[in-house]
Amino acid sequence: MINQGADGELSPSTDGNAAIGGRALKARLRRAERMRKVAAFGLVAPLLLFVIVSFALPIAGMLWRSVEDTEVSSVMPRTIAALKGWGGQDLPSEEVYRAAARDLAEARANGTASAAARRLNYDINGFRTLIMTAARKAPSADEADIRAAFVALDARWGERETWAAVKRASGPLTDFYLLAAVDLQHDASGSIVHVPEERAIYLDVLGRTFRISLTVTLLSLFMAFPVAYLMSTQPAKVANLLMILVLLPFWTSLLVRTAAWVVLLQNEGLVNRLLVWMGVIDAPIRLIYNSIGVHVAMTHVLLPFMILPLYSTMKAIKPHYMRAAISLGAPPAVAFVRVYLPQCLPGIAAGCLLVFILAIGYYITPALVGGAGDQMLSYFIAFYTTDSVNWGMASALGAVLLATTMVLYGVYSRLVGDGAIKMG
Amino acid sequence: MVGGDVLVRFSMVQKTYDGEALVVKNLDLDIHRGEFLTLLGPSGSGKTTTLMMLAGFEVPTYGEITLNGKAINSLPPHKRNIGMVFQNYALFPHMTVAQNVAFPLEVRKVPKAEIGAKVAHALDMVQLAEFGKRRPAQLSGGQQQRVALARALVFDPELVLMDEPLGALDKQLREHMQMEIKHLHERLGITVVYVTHDQSEALTMSDRVAVFHGGVIQQIAAPDILYEQPKNAFVANFIGENNNLHGRIETIDGDRCTVVLDGGARVQATRVNVYGADMPTVLSIRPERLYIGDSPTDVTNRLTGTVVESIYLGDHLRVVMEVPGGSSLMIKMQARPNLSQPKPGDRIELSFRAEDCHAHAPLKVAAGDA
Ligand SMILES: Nc1ncnc2c1ncn2[C@@H]1O[C@H](COP(=O)(O)OP(=O)(O)OP(=O)(O)O)[C@@H](O)[C@H]1O
Ligand SMILES: [Mg+2]
């Protein structure tokens, strides 16, 4: 054998040393290691702090908000306490009604009734007016037939379902938002059921979100692969130029890029006119405010995130592998599939993951170039945070998105192999 | 070996990459079946280019290459059935050693059952039978190169090309691998075209060596002929150690000539590529063919010079002398017990035979006309 050069050097006789000074040596090693660890920690501390404050805490906050439920219990504490013993079989006792009368009167005085009204309205439509009316004209708690007085105000006070909703909202934790985010709810008896057809939208939206993201990822992959390949095979000068072209979109705002697609794809836009002029179509076709627009614009926006990891992996694959494969008798196509492609896999895996995850959270682009039926989950999250200020629902949708994404990532990393994802 | 039938023939092959400079100029080369031919030359002399044209990765700009009598200019590389070993091994990193070696068989659609046996045999041949399951990254450089060798040989190619396959190895390993490759060649009876710029490697391994310079083969011959009868000043200087003495031809007489050295002395030399009187010439003499003190009886030339340096190296003695005309000569003499070592400043006589002293045209002219 021929390894003298590599393995032949004599190791100093360590056995004697180890016996005498083993313990001290270990302590010294530990101390040295500790210093290194402290130094390393010092270096990452600022970033770690930043990540915790700007990333981990908000996510934890979001998860918390998706299960937190204190609006009703803070406005109507007596009612909630009185409802504790209620089984839900028949109407609650008069005690509950009296407690509600006191709570509502107080809420009216403090101006807090609307918070509870809004929360209960998420559960049952029309609850807001029910509560607000009751707060305004709350029967006196000393009324003889308090129950009749409430029913006189609104017949719904005489229904079990109304009180069940109040009890469900008694907090402090609830699965209401999370269930709603996947089109489920509790019925009056407390079991989990599907929401009525006309209100079931989120599973659809979730499915659409993943479908669009997947399509966009695949489109990006097919378009980015040849570009990255070209870049990796060109001399530095050409490759740099191509790289600048690839990165150019990053220099303009996302909004501008998306708006540009509106201009290009509209009925009188460049693309339609070109197609008509070439005789491919007779009349302009609808390319925007539908799923075509969403796919085109999103693919364009996300393409660089596919090209960059692909390029960096391909750049590292030396051309002599292909030559070797061909010299060994593989036709170029076979050499490509069996030798080149497998070595690209880490880049493909990283690019797909990056694009897919970015796509899943996309909001602006589909909002601007999509139709009503092309909105993705983020649209609804934005709607709940900005329009209806329903933080619970927004957080629950976010949590569902996060959970699904993590599950998919788990499956994905199992599929492509743990170490295979390489960002650069 | 040498003189067998022709396997590969380059006729009038030229190659340019940029349309301006010819990297390979009018190459005529016959490679015989079963021989070990080495392309030797300095960096940039066109060795790799020649090899790549043979492998099919570069297209000759002009001329024809035939393999087994058939022109292969337009035959794509994967159909040439030529084994190839690269300097950087080019083992596929995502495959195990065994998968690497199986690759050429798989793409040739060899039945599965046969593949296993052939791979085992090939790995055995390079003494790596136990390493089949490892990844290339888990092997040392020498082991990787042997895998590359096994992979290039496993499909029984007639012709194997190697481009500086040992360039990345350290000296000891390189010498070991040289012998291993040489023995494989002898055992398998394949034809090997080997590229190197290490002359001792070329001399050790080859049946014939083609010395490249400036895209031209300066000389192609067996190692001993290359050393003893260099065809021009470039070969004389490139192969082995050499002394140069400058002068002018006085007379030519058959394969002998008389040369007047720049220092005024007149010597007899063997004529190589000088054609007329009064032509400038470079005389090449090997250091071990210069004698001081005792000399063979048939020496014809004597010069007197001053010792500049004298170094004792155990088995031999190196003496540097300056002779009239300003040239310095290196003399290598056998060390013996009780040898009186010349000292710097001594004026002594040195002698050499006419047949050991080759009169070449000076280098620039030689490179142009060869
Ligand atoms: N792909 C290429 N494009 C342009 N010029 C090239 C290319 N490959 C080689 N050359 C040029 O051709 C000349 C010969 O190169 P070649 O690689 O054949 O030399 P070599 O003898 O193998 O040298 P080395 O010992 O350094 O490997 C060099 O001047 C080189 O710069
Ligand atoms: Mg080379």
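These legends go with several close-up views of a predicted model.

Before you start: chains are lettered from A and ligands numbered from 1 in the order in which they are written, and residues are numbered from 1 along each chain as its sequence is written. In this predicted model, local features need pLDDT of at least 70, side-chain atom pairs count only at pLDDT 80 or more, and totals for chains, interfaces and linings use all residues, while side-chain values use heavy atoms, with hydrogens and water left out.

**View 1. Helix α5 of chain B and its packing partners.**
Here's α5(B), which runs over residues 171-188 and has 18 residues. (Helices are DSSP runs of H or I with at least four residues, strands are runs of E with at least two, and both are numbered from the N terminus.) From first C-alpha to last, α5(B) reaches 26 Å, close to the 26 Å expected at 1.5 Å a residue; that expected span is 1.5 Å times one less than the number of residues. Quite a few of its residues are buried, including Leu173(B), Met177(B), Ile181(B) and Leu184(B). (Buried means under 20% relative accessible area, exposed means over 50%, and partly exposed is in between, using a 1.4 Å probe and protein chains only.) What do the buried residues of α5(B) pack against? Their partners in chain B are β3 (36-40), α3 (112-125), α4 (141-153), β7 (159-163), β8 (191-196) and α6 (199-205). Just after α5(B) comes Gly189(B), with a positive phi of about 65 degrees.

**View 2. Two salt bridges, each within a helix.**
A salt bridge here is a side-chain nitrogen of Lys or Arg within 4 Å of a carboxyl oxygen of Asp or Glu. In chain A, the side chains of Glu94(A) and Arg98(A) pair up this way at 3.0 Å, N to O. Both sit in helix α5 (residues 94-110) of chain A, four residues apart, or about one turn of the helix. Glu94(A) is partly exposed at 30% relative accessible area, whereas Arg98(A), at 16%, counts as buried. In chain B, Glu175(B) and Lys171(B) make their own salt bridge at 3.1 Å, N to O. They're four residues apart in helix α5 of chain B, so about one helical turn separates them. Glu175(B) is partly exposed at 40%, and Lys171(B) is exposed at 56%.

**View 3. A salt bridge that links distant parts of chain B.**
The side chains of Glu228(B) and Arg289(B) meet in a salt bridge (3.1 Å, N to O). Where do these two partners lie? Glu228(B) is in helix α7 (residues 223-228), and Arg289(B) is in the loop between β14 (280-285) and β15 (291-292), 61 residues apart. Glu228(B) is partly exposed, with a relative accessible area of 31%. Salt bridges with shared partners join this pair with Asp298(B), Arg353(B) and Asp356(B) into one network. Over all chains, a search of the whole structure finds 30 salt bridges.

**View 4. Where chain B meets chain A.**
In this view, 30 residues of chain B are in contact with 21 residues of chain A, contact meaning heavy atoms within 4.5 Å. The area buried between them is about 2300 Å², and carbon and sulfur atoms give 66% of it. (Buried area is the accessible area, with a 1.4 Å probe, that two parts lose on being put together, summed over both.) How many salt bridges does the rule find across this interface? There are two. Glu58(B) forms a salt bridge with Arg323(A), with the closest N and O atoms 3.8 Å apart. On the chain B side, the elements giving two or more residues are β6 (82-85), α2 (97-107), α4 and α5.

**View 5. Phe103(B) and its contacts.**
Is Phe103(B) buried or exposed? This residue of helix α2 of chain B counts as buried, at 0% relative accessibility. Leaving aside neighbours within four places in sequence, Phe103(B) is in contact with Ala325(A), Leu328(A), Ala330(A), Arg338(A) and Val339(A), and also with Phe92(B) and Met95(B).

**View 6. Two positive phi values outside glycine.**
Val389(A) has a phi near 45 degrees and is found in the loop between α19 (377-387) and α20 (391-416) of chain A. At 39% relative accessibility, Val389(A) counts as partly exposed. Met12(B), in strand β1 (residues 6-16) of chain B, has a positive phi of about 55 degrees. Met12(B) is partly exposed, at 38%.
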